Amino acid sequence: MSFLRRAPLGGILLLSVMAVLMVGPILTVVVWAFAEKWRYPNLLPTVWGLKYWYVMLGRDTVINPIVTSIALTTVATSLAALICWPAAYAFARLRFPGRQVFLFSFVAAQAVPKFALFVSIAVVFLRLDLIGTFWGVVFVQMLSAMLVMIWIPAAAFRGIPPALEEAGFDLGASRLRVFLLITLPQAMPALAASYVLAYVGILFEVDSALLIGAPQITTMPLVLLSSASQVIVQEAAVLCVMIWVPCFAVLLLTRRFMSSKGIAQGFGA
Amino acid sequence: MTIAKPLASGAKAPGAFLEQAAGLALIAAPMALLITLILLPTVAMIWGTLQVPSDSGAQFGLGRYQAFFADAYSMANLRYTLFQTLASCATALTLSLGIALYLRFSEGRIATMIHALSLFPLFVPSVVISYALVRFLGPNGLLQLLLEQVGFTHYRTPYLTPVGPYIAFVWENLPLPVLVLGAGLSQVSDHAIEAARDLGAKAPRILVEILLPQVRRSLLIAFALIFLGVIGSFTVPYLLGPPAPEMLGVFMQRTLGNLRRPEEAQVQAVMLMLMASVVSGFYIATMLQSERGRR
Amino acid sequence: MLNVTQLTKIFGQTKAVSDATFEVGLGELICLLGPSGCGKSTLLRMIAGLTPADGGQIAIDGQDMTARQANRRPTAMVFQSHALWNHMSVAQNVSFGLRVQGLPKAVIADKVAAALTLVGLDGFAKRRPTELSGGQAQRVALARCLVVEPKVLLMDEPFSALDAHLRANLREELKSLQRRLQLTTIFVTHDQEEAMELADRIVVMHAGVIEQIGPPGELYLNPQTLTVARFIGQMNEATVTLCGGRADWLGQPVSIAAPDGLVTLLCRPEDMHPGSAGIPGRIARVIDLGPMLRVSVATAEGATLTWLCSRDVNPQPGAAIRLRATRLLAFHDGRRIGGRRIGTAQPLMELRQMESVTP
C-alpha cells in the first residue's frame, strides 16, 4: 500500500484529527478541574486554582463514597484473584474432566449483555435482602473481574516453559512448592497487570453499583454520575482527575506486561 | 527381577487421578460463582417472566410479553436500542478497520502515535468519557469554543440527542476492533500482498479479495463484542442521551430502581437478551470453532 | 546401579517406547542414541519420573522406583533448554534442591560454592541467568544437579543448542568430571559422534525399540541390525538377490549360506582396498577431509562406492580403479546374518557364514 507511505500528509491529518477527538474531551475535564472561573466564550479559564479540590476533599458526601469504593474494590479484586488465579493455573496446566466445557462456560458468560445479568441478580438479591449490602456488591463486582482474572493469568501460566517447573519437581520440590517458588514468580508480571486492570474496571463500575448497591451503598462513580449533571461543573471534573488520572498512570505502567496479542487472543481473535 | 505386567489400558496411574481431582477442586470456586450469580438468576428470571398473575394464582403464560409488545413506549425503546447499537457498531468497525489498515502498512513515529491514540479509550472508564463528552460536546463546551475560534457559529450540540451516545459509543469501541483486527491483519504477510500487486491488482481489489477474507473472523468477533457491550449500556445513554426514547439499559434501571417494578424490569431484561441472542449465539459458535481448531 | 526392565510408553495408538530393558553400572556413562522420535527422550523422562510409564519397572541401587514421583527419585536431570529460573540468581538456582531439603544456610553456601567450582564457574554466584552465555547456563544447570548428589545423572541433549566448538569442549569437561565423581550418567543424543566420544556403552534406539547395546567400538564393528549399521559411521550398501546361496555384487561373486531372497551387504569405506582383482570403476570425486581422503568411485553398473584412503595413495579423478571389500556384513530382513573378514579363515559370526570368492 505504497500510496499511504507516499502521503505522510494523510498520516499527519489522521493524527491531528484523532488527537483532537480522542484527547480533547479528557483534556476539557482536566482543564475544568483546575479552573475556578471559566465562562463562555473564553477559550481558557479566566481564573485558575485548586478551589474546588478543597471543596470536594472537605465534603463527607464525597470522601465517604471514595473510601467505600476503595474498600469494595480492594476486597472484590483480591477475592477474585484468590479464587481465579489457581483456577487459571488449573485451566492452563492440568488435565481434568470437563475442562473444555468449564472453560467454555466463561466464554458463554461473556456473551450475555451484562446489564440483563445485573437485573436478574438484582431481582434475586431483592428477595434475599442483599440489595444495598457491602457483600452483595462485592460478589457482583467479582463477576466483572473474573474474565480478566482467568484469561490473562491462564495465558501467562501457559507461557511458562514446562521444563522450568519440571526442573524444580525433579530436584525434589513438592508440587505446591514448585507453584509458589517457580510458577508464581514467573507469572507475576502478568498477574499484577491483570490485578490492576480488574481493579480499575471495578473501581469505576456504575451498573452493578447502581442496581445492587443503591441506596445504602454509594460508590465514587455514582457520585461522579450524579455530579455530572450538576451546575457546578468543576466538582465532577475534580473527582475525575483526582481518581482517574492516577489509575491511568498505573495502567500505562502495567501495559508493558500485557501484549496486545494476548488481550486480543483473550477475546478470541 | 520380577517383570511387571503392563497396566490395563483403562487404569490410570495414581498421579493422574490426583491431577484430575486437583484441577476440579481449583476451578470449583469461580465455577460456583458463575453458577450462582449467572446461571441460576438468569434461569430464575426467565422462569419468573413466564408467570402471569391471574385470579387463580400465577399461571404459565406469555402475558407479560404481550403487555410489553403492546406498550408503544417499550417498543419504541426497543427499536431505538437496536438502531443505536447497529449504527454505533457499523461506524466503530469501519473507522477501526481504516485505522487498522493504516497501521498495518505504515511505520514510524506517526503510526506509533496513532496506535497509542486508538488504544487510549481502553484506559478510560465509561463514566469518565461520558462526563468528558458532556463537557466537550455539550452547549458551550470545548468543541463549540474551538469551532467559534475558526468562525463556525452554528454549532448544535448533540448532547441530549441520539447523536450524543452514538459518538460516545464509537469513541469507546475503537480500541477493541483495532486490536482484534490488527492481530488478524498482521497474519497477512507482506509477501502475499506484494505478490498480488505484482500481478497487477490495485488497492481496492487487494482489500476486498485478500485482506478482508483473512480478517473476516476477527471482524465478526469484534462486531459481536461491540454489539454486546453497547446494547446493554447504561452510563453513556444516561448522561448523554435524550430522555425519550431510552435505551433499554436506562429503561431497565428506571423501572427497577425508580418505579420499583421488578417483574417488568425482568421482562425488559429478557427482551434485551433475546435481541442479543443472535449475536451471542454466533459469538459462542465462533469461539467453539476456534477451540476445536486449536486442539 | 540402574535397572530398567520392559519399560513401555504408549501415546494413543503408537508405542513410543517398547519393552526397553537395560542396566547401567555404577560410574558408567551410557548414551541413548537415535534419530528424532525414536523414544530416547521419552525413555529418559520415564527414568526421571516426569513421564509416567505404562508398563515395566525401574530400579535404582536395588530399590524399586516405578511407583515413585519424580521428586522422590534419586535422579537429577539437565534439560536441553537449561531451564534456569531467571527470577533467581545463579546461587539461588543451584541451591534450590538443597533449600527444598531444608539444609542449614552455611552448609548450602559451601556446597553451592563447591559445585560452581566443579563446573568452572567460580564467582558466578551473584549473577543472573539472563547474563549468562549458552555454555555458562548449561554449566549452572549441571551444577544445580550435581549439588544434590544424585545417584543417577540424566542429561537430555544438553549441548544440542550450542555451537560445535563449545559442544566439544563441554563434552571433554563432562567426561572428566563424570569419571572423577564416578557419577552414573545417562546421556541422550542424536549425534553419533557425541555418543562415540562420551559413552562407555551406547544404547541405540529406533522407533521405540532398543536395537543394540554395547561399547562404541563394538557397535561400529559388529552392528546387529541394519539400522545400527547405517546410523553409526558410513557404509557402502548394496542389496543383492541370493539364488541357491550365490549372488553377484557389482561383478564380485559372493556366496552366503542363507535362504534365497534379498540380502543387504554393507562394507565400510575404510574396508575397501584397491587391487588387481575387485569391482571395476572410475574415480569420480576426491574429497579432502584433512587427515584422510574420501573417494567416490562410479562402478560400471552405475553404483557409487565410497572409499576412505590415506593421503599417500593420491587418487586421481577420472582414473580407472578396482576395489575389493575386505570386510563385508550381511543383513537379511534388517538383522545380521553373517560377516566375513576376507583373507582370514575366521568367520566373525557362528551363524550362517558368507564367503567372498575372489577370482
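Biologist: Before we start, what counts as two residues being in contact here?

Modeller: This is a predicted model, and contact is judged from C-beta atoms placed from the backbone. Two residues are in contact if those atoms lie within 7 Å.

Biologist: Okay, how many residues of domain 1 of chain A are in contact with domain 2 of chain A?

Modeller: The domain assignment splits chain A into domain 1 (2-48) and domain 2 (55-266). Their C-alpha centres are 32 Å apart. On the domain 2 side, six residues take part. On the domain 1 side, the number is five.

Biologist: Which helix gives the largest share of that domain 1 side?

Modeller: By class, that side has five nonpolar residues, with no polar and no charged ones. Four residues come from a helix spanning residues 8-33 of chain A. That helix is α2.

Biologist: And which element of chain A gives the most to the side that touches chain B?

Modeller: The contact between these chains takes 82 residues from chain A and 79 from chain B. Sorted by class, the chain A side has 68 nonpolar, eight polar and six charged residues. The top contributor brings 14 residues, and it's α2(A).

Biologist: Let's go inside: where does the largest nonpolar core lie with respect to the domains of chain A?

Modeller: This core has 161 residues, and Val119(A), Cys240(A) and Tyr131(B) touch the most other members. Helix α7 of chain A, residues 134-159, gives the most, with 17 residues. Because domain 1 (2-48) and domain 2 (55-266) of chain A both give residues to this core, it lies between them.

Biologist: Which residue of chain B does Tyr131(B) touch, leaving out residues up to four places away in sequence?

Modeller: With those left out, Tyr131(B) touches Val29(A), Leu224(A), Ala228(A), Ala236(A) and Cys240(A) on chain A. The chain B partner in that list is Leu239(B).

Biologist: Over to chain C: what share of its residues is buried?

Modeller: Chain C has eight helices and 21 strands, and its C-alpha atoms fill a box of roughly 80 × 45 × 35 Å along the principal axes. A residue is buried if 20 or more other C-beta atoms lie within 10 Å of its own. Out of 359 residues in chain C, the buried share is 42%.

Biologist: In the hairpin of β9(C) and β10(C), which residue takes a positive phi?

Modeller: Strands β9 (residues 201-206) and β10 (residues 209-214) of chain C run antiparallel, joined by five bridges. His206(C) stands opposite Val209(C), and two residues sit between the strands. The one with a positive phi, near 50 degrees, is Ala207(C).

Technical notes. Residues are numbered from 1 along each chain as its sequence is written. Chains are lettered from A and ligands numbered from 1 in the order in which they are written. This is a predicted model: local features need pLDDT of at least 70, side-chain atom pairs count only at pLDDT 80 or more; totals for chains, interfaces and linings use all residues. Two strands pair if DSSP finds at least two bridges between them. Domain bounds come from an automatic or database domain assignment. Ala, Val, Leu, Ile, Met, Phe, Trp, Tyr, Cys and Pro count as nonpolar, Asp, Glu, Lys and Arg as charged, and the others, Gly among them, as polar. A residue is buried if 20 or more other C-beta atoms lie within 10 Å of its own, exposed if 12 or fewer, and partly exposed in between; C-beta atoms are placed from the backbone. A nonpolar core is a set of buried Ala, Val, Leu, Ile, Met, Phe, Trp, Tyr and Cys residues joined through C-beta atoms within 7 Å.
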